[in-house]
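Student: Before I rely on the labels attached to a model, I would like to see how each one is earned. Could we go through them one by one, setting values against criteria?

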Amino acid sequence: MPINKLSSIFESFFKKGILSEPNNTQVSGLTVDVHAHILPQIDDGPEDTEQSIGILKEMYAMGYRKVIATPHVMTGYYDNSSEDILQSLQVLRSVLKRRQIEIELEAAAEYYLEDELFRLIERKEVLTFGGSKKYLLFEASFVTKASYILEASLRIKQAGYTPVLAHPERYVNINDMEIISRLASSGVLFQLNIGSLVGYYSKHAQALAELLIKNKLVAFLGSDCHNLAQLESIKQAFSLKTFRDAMQLDILNNSLIEKKTSVFA
Ligand SMILES: [Fe+2]
């Protein structure tokens with residue numbers, strides 16, 4: 001298709017409000033998000049499809065071209081089965097297609113560290129991303145002992161998955177380089193929340209995030225987005241030196257654009 005025809009198609013999308021005009025000051029070079037609460041009515045993310053679409057349109061404007069939805073899975077709070085998640089994914093995908101919003105959407109989950117996670121692993125019922133890499137995103141209580149996270153990471157790895165710890169900077173007991181190094185050498189990958197760089201969560205999280213970047217220990221960057229307002233802190237972070245430093249590391253996000261996710265493995 002000739003370029004001028006293609007650009008006029010995009011112009012008509014912008015005029016119709018299907019896509020937002022990209023604002024170059026807010027585009028980061030990050031094209032894939034690996035941690036987003038974007039599926040509606042499944043966790044503490046969007047309350048309906050319109051909210052989901054609003055967030056995704058804004059993420060598109062920020063330069064994202066693929067979002068991996070990672071709803072919470074936590075017994076008693078977010079009892080989401082893999083089938084529930086994949087069904088919700090299909091519904092939202094069909095809305096995106098109908099409205100001609102060309103952002104790729106896939107799904108995994110953010111598993112809470114609890115016994116049920118290991119039962120799901122045993123039954124091969126976990127959702128991962130990164131195709132054969134089988135990245136398994138998990139979180140723990142913010143006051144969990146680092147030794148419990150370490151032990152869990154080893155178990156996840158032994159089961160054939162690549163453990164990815166969500167927002168390591170937010171745990172109160174992950175607080176010095178000795179602990180961080182022990183975790184890193186166990187094979188767990190760290191997924192930093194972009195909002196931590198502007199102090200969105202706490203001063204502790206901001207300081208730890210900076211320490212992780214300085215020591216080149218960040219594998220993934222995530223929005224951990226739950227709502228449209230949260231994207232403001234991500235946009236602010238895009239202009240920080242610490243964010244640019246993080247982007248200079250071997251961040252794996254953009255390598256996932258062609259990879260398959262949503263696998264039962
Ligand atoms: Fe999250």
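Student: What makes strand S9 (residues 189–193) count as mostly covered?

Tutor: The model is a predicted one, and within it four of the five residues of S9 are buried. Since a residue is called buried under 20% relative accessible area, the description "mostly covered" for S9 rests on those four residues.

Student: How do you know that S8 and S9 pair, and in which sense?

Tutor: Pairing requires at least two bridges, and strand S8 (residues 162–166) is joined to S9 by three bridges in the parallel sense, so the criterion is met. On the residue level, Val164 stands opposite Leu189 in S9. The chain passes from S8 through helix H6 (residues 177–185) to S9, and this β-α-β crossover is right-handed.

Student: On what grounds is S10 counted as a partner of S9?

Tutor: Three bridges in the parallel sense connect S9 and S10, and with at least two needed, the strands count as paired. Here Asn193 stands opposite Gly222 in S10, and S9, helix H7 (residues 203–214) and S10 form a right-handed β-α-β unit.

Student: Why are S3 and S10 described as standing at the edges?

Tutor: The open sheet has six strands in the order S3-S5-S7-S8-S9-S10, with parallel pairing. Strand S3 (72–73) and S10 each have a single partner strand, so one side of each is left without a neighbour in the sheet.

Student: What shows that S7 is covered on both faces?

Tutor: In S7, five of its five residues are buried. In a regular strand the side chains alternate between the two faces of the sheet. On one side of S7 lie Tyr135, Leu137 and Glu139, on the other Leu136 and Phe138, and all of them are buried.

Student: Which strands does S7 pair with, and how many bridges support each pairing?

Tutor: S5 and S7 run parallel and are joined by two bridges, which satisfies the requirement of at least two, and Tyr111 has Phe138 in S7 as its bridge partner. Four bridges join S7 to S8, again in parallel, with Leu137 opposite Val164 in S8. S7, helix H5 (residues 146–158) and S8 make a right-handed β-α-β unit.

Student: Why is the site of the iron ion called irregular?

Tutor: The protein donors are His35 (NE2), His37 (NE2), Glu110 (OE) and Asp224 (OD), lying 2.1 to 2.3 Å from the iron ion. The angles among these four donor atoms run from 81 to 167°, whereas a tetrahedral label would need all angles between 85 and 135 degrees. The site of the iron ion is therefore not tetrahedral by that criterion, and its assigned label is irregular.

Student: What do the donors Glu110 and Asp224 tie together?

Tutor: Glu110 lies in strand S5 (residues 110–112) and Asp224 in the loop between strand S10 (220–222) and helix H8 (231–238), so the pair ties together parts that are 114 residues apart in sequence. Both Glu110 and Asp224 are buried.

Student: Why is the pair of Phe129 and Phe220 called edge-to-face?

Tutor: A pair of aromatic rings is described by the distance of the centres and the angle of the planes. For Phe129 and Phe220 the centres are 5.5 Å apart and the planes stand at 70°; the distance lies within 6.5 Å and the angle is over 60 degrees, so the pair is edge-to-face. It links distant parts of the chain, with Phe129 in the loop between strand S6 (127–128) and strand S7 (135–139), Phe220 in strand S10, and their positions 91 residues apart in sequence.

Student: How do you know that Phe129 and Phe220 are buried?

Tutor: Phe129 has a relative accessible area of 0%, and Phe220 likewise has a relative accessibility of 0%. Buried means under 20%, so both Phe129 and Phe220 qualify.

Student: What makes the pair of Phe238 and Phe243 tilted?

Tutor: The ring centres of Phe238 and Phe243 are 5.0 Å apart, with the planes at 45°. Stacked would need under 30 degrees and edge-to-face over 60, so the pair is tilted.

Notes:
Residues numbered from 1 in each chain as written. Predicted model: local features only at pLDDT ≥ 70, side-chain atom pairs only at ≥ 80, totals over all residues. Heavy atoms only, no water. Donors = N, O, S within 2.8 Å, 3.2 Å for Na, K, Ca; no water. Tetrahedral: all angles 85-135°; square planar, octahedral: opposite > 155°, others 65-115°. Buried < 20%, exposed > 50% of the residue type's maximum accessible area, 1.4 Å probe, protein only. Phe/Tyr/Trp six-rings, centres within 6.5 Å; stacked < 30°, edge-to-face > 60°. Right-handed = clockwise from strand over helix to strand, strands pointing away.
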